[in-house]
Amino acid sequence: MFVMELTYTAPVEAVEEEMDAHIAWLDGYYASGVFLASGRKVPRDGGIILAAGVSRAEIERIAAEDPFTLAGVCEYSITEFIATKTSGDLAGVRETVV
């Protein structure tokens, strides 16, 4: 599983200009089952996406195609972890330590 942390590198006004495209991009990965949760950070200086079911290389490719990335208004920090315990709703993405 991955924690994808976005940090804005441009004023929020510039981020807002790309928001519709970013939401469409999010919707595509929710529909495919890769994205599990997402939202703005508080204070609003970026966002967080939880993702699962793909490789590190694939998640880096996904982040690179975010309209925010393409417009140069954010940078990503990606942390991979093994989700050995989850809520019942996320039981399908639980992992075991090898």
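**Exercise 1. Determine how Arg61 and Glu58 are placed relative to each other, and which salt bridges Arg61 forms.**

Step 1. Arg61 and Glu58 both belong to helix H3, three residues apart, about one turn of the helix. Helices (H or I, at least four residues) and strands (E, at least two) are DSSP runs, numbered from the N terminus. The model is predicted: local features need pLDDT of at least 70, side-chain atom pairs count only at pLDDT 80 or more, and totals for chains, interfaces and linings use all residues. Residues are numbered from 1 along each chain as its sequence is written, and side-chain values use heavy atoms, with hydrogens and water left out.

Step 2. A salt bridge requires a side-chain nitrogen of Lys or Arg within 4 Å of a carboxyl oxygen of Asp or Glu. Arg61 meets this rule with Glu58, the closest N and O atoms being 2.5 Å apart, and with Glu65, where the closest N and O atoms are 2.7 Å apart.

Step 3. Accessibility is classified as buried (under 20% relative accessible area), exposed (over 50%) or partly exposed (in between), with a 1.4 Å probe and protein chains only. Arg61 is partly exposed at 38%, Glu58 is partly exposed at 28%, and Glu65 is partly exposed at 28%.

**Exercise 2. State how many salt bridges the rule gives, and explain what the pair Glu5 and Lys41 ties together.**

Step 1. The count comes to seven salt bridges.

Step 2. In the pair Glu5 and Lys41, the closest N and O atoms are 2.9 Å apart. Glu5 lies in strand S1 and Lys41 in the loop between strand S2 (35-40) and S3, so their salt bridge ties together parts 36 residues apart in sequence.

Step 3. Glu5 is partly exposed at 31% relative accessible area, whereas Lys41 is buried at 15%.

**Exercise 3. Identify the elements that give two or more residues to the largest nonpolar core, and list the contacts of Phe35.**

Step 1. A nonpolar core is a set of buried Ala, Val, Leu, Ile, Met, Phe, Trp, Tyr and Cys residues joined through side-chain atoms within 4.5 Å. The largest has 20 residues, of which Met4, Phe35, Ile59, Ile62 and Phe68 touch the most other members.

Step 2. Two or more residues come from each of strand S1 (2-8), helix H2 (19-31), strand S3 (46-51), helix H3 (56-64) and strand S4 (74-80).

Step 3. Leaving aside neighbours within four places in sequence, Phe35 has contacts (heavy atoms within 4.5 Å) with Met4, Trp25, Leu26, Tyr29, Tyr30, Ile49, Leu50, Ala51 and Ile62.
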